[in-house]
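The exercises that follow ask you to work through the packing of helices, the nonpolar cores and the setting of single residues in one protein chain. Each task is followed by a solution that proceeds step by step.

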Amino acid sequence: MKALVYSAVQHYLIPKTAVFVELEIKQSRFITSLKPVASLAEHQAHITECQQRWPGASHYCSAAVAGAPNASQQYAMSDDGEPSGTAGRPMLNVLLKQEVGELSVVVTRYFGGIKLGTGGLQRAYSQATVDVLQAAEFIEKKVRKAAYIHYDYADQKIVSHWLAQYDAVTQHQDFAAAIEHDLAVAESDFEDLAEALKNATQGRVELKES
């Protein structure tokens, strides 16, 4: 999987669907579950789901980036009884290195009787996270900002054309004496869309931040 890297995060990768993989190291089973999430609460729910799906395991270690890759308040990690720093932190480091967001990863470990040591555990949990990322399918998400325009009915066709060209998402429309339009516009496209609307309507339509 190739990371998308931007100086300011305007696009990032999010998982399309849930997936899990299994890895065996020195008789220990590492079952790694990846799931799309939109909040830390959903990440906690994912941990509970794994505990119920694979009961009786020795550890349910986890890491999450529940928002955009640079939204550190949406990070989470847990060693769940493994030696400190040997599971959650290595897992989170893999996620952060890949610039992915809105996902939860839980590694369920069934201990096989052979101790791996701190270095071995760090490598195992890192590898488990890499494996599940490689198995997952990702799509690109654009970071959007709220915007607003109002325009006469005579300009509706032109405006609709340019909104479609820049993949602007309609949040709300009011049809009165003029059309009032609330939008979500990709941050990277905002200035270009504003310029296109202005030029196409001879300055009659101005895109503004809400």
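**Exercise 1. Describe how helix 2 and helix 3 pack: what is the handedness of their crossing, and which residues meet?**

Solution. Begin with the handedness: in this predicted model, helix 2 and helix 3 make a right-handed crossing. Next take the geometry, for which the axes of the two helices come within 8 Å and cross at roughly 35 degrees. Then list the residues that meet, which are P90, M91, V94 and L95 from helix 2, and Q122, Y125, S126, T129, V130 and L133 from helix 3. Finally, sort this contact of helix 2 with helix 3 by class, which gives 7 nonpolar, 3 polar and no charged residues.

**Exercise 2. Which residues of helix 2 are buried, and which elements are included in what covers them?**

Solution. The buried residues of helix 2 are G88, P90, M91, L92, V94 and L95. The cover over these buried residues includes strand 4, strand 5 (75–78), strand 6 and helix 3. Of the residues named as buried, P90, M91, V94 and L95 also appear on the helix 2 side of the contact with helix 3.

**Exercise 3. At roughly what angle do the axes of helix 4 and helix 5 cross, and what are the classes of the residues in their contact?**

Solution. Helix 4 spans residues 156–165 and helix 5 spans residues 190–200, and their axes come within 10 Å while crossing at roughly 160 degrees. The cut-off needed here is that angles over 145 degrees count as roughly antiparallel, and helix 4 and helix 5 are therefore roughly antiparallel to each other. The crossing of helix 4 and helix 5 is right-handed. On the helix 4 side the residues are I158, V159, W162 and L163, which meet L193, A196, L197 and A200 of helix 5. By class, the contact of helix 4 with helix 5 consists of 8 nonpolar, no polar and no charged residues.

**Exercise 4. Which residues touch the most other members of the largest nonpolar core, and which element gives the most to this core?**

Solution. The largest nonpolar core has 26 residues, and L34, L95, L103, Y125 and F138 touch the most other members. Two or more residues come to this core from each of strand 2 (19–25), strand 3 (28–36), strand 4 (59–65), helix 2 (88–97), strand 6 (103–110) and helix 3 (117–135). Helix 3, with 6 residues, gives the most to this core. To follow one of the core residues further, take Y125, which, not counting residues up to four places away in sequence, touches F30, H59, C61, E82, T86, A87, M91, V107 and R109. Apart from this core lies another, of 17 residues, among them I149, Y166, A168 and F190.

**Exercise 5. Compare two residues of helix 1: is H46 buried or exposed, and what does L40 contact beyond its sequence neighbours?**

Solution. Place both residues in helix 1, which covers residues 40–53 and holds L40 as well as H46. H46 has a relative accessible area of 1% and is therefore buried. Beyond the residues up to four places away in sequence, H46 touches S33, L34, K35, S104, V105 and V106. L40 has 27% relative accessibility and so counts as partly exposed. Leaving aside neighbours within four places in sequence, L40 is in contact with A66, Q73, Q74, Y75 and A76. As for distance, the C-alpha atoms of L40 and S104 are separated by 8.7 Å, although these residues are 64 residues apart along the chain.

**Exercise 6. Where are D80, E99 and A177 found, and how accessible are D80, E99 and A177?**

Solution. D80 is found in the loop between strand 5 and helix 2, and its phi is near 45 degrees, a positive value in a residue other than glycine. With a relative accessible area of 34%, D80 is partly exposed. E99, in the loop between helix 2 and strand 6, likewise is not a glycine and has a positive phi of about 60 degrees. E99 is buried, since its relative accessible area is 18%. A177 is found in the loop between strand 9 (169–175) and strand 10 (179–186), and its relative accessible area of 75% makes A177 exposed. Measuring from C-alpha to C-alpha in the model, A177 and P69 are 43 Å apart in space and 108 residues apart in sequence.

Methods
Residues are numbered from 1 along each chain as its sequence is written. This is a predicted model: local features need pLDDT of at least 70, side-chain atom pairs count only at pLDDT 80 or more; totals for chains, interfaces and linings use all residues. Side-chain values use heavy atoms; hydrogens and water are left out. Axes are lines fitted to C-alpha atoms, for helices over the stretch in contact, and angles run from 0 to 180 degrees between N-to-C directions. Helices (H or I, at least four residues) and strands (E, at least two) are DSSP runs, numbered from the N terminus. Angles under 35 degrees count as roughly parallel, over 145 as roughly antiparallel, 65 to 115 as roughly perpendicular and the rest as oblique. A crossing is left-handed if the near helix is turned anticlockwise from the far one by less than a right angle, and right-handed if clockwise. Contact means heavy atoms within 4.5 Å. Ala, Val, Leu, Ile, Met, Phe, Trp, Tyr, Cys and Pro count as nonpolar, Asp, Glu, Lys and Arg as charged, and the others, Gly among them, as polar. A nonpolar core is a set of buried Ala, Val, Leu, Ile, Met, Phe, Trp, Tyr and Cys residues joined through side-chain atoms within 4.5 Å. Buried means under 20% relative accessible area, exposed over 50%, partly exposed in between (1.4 Å probe, protein chains only).
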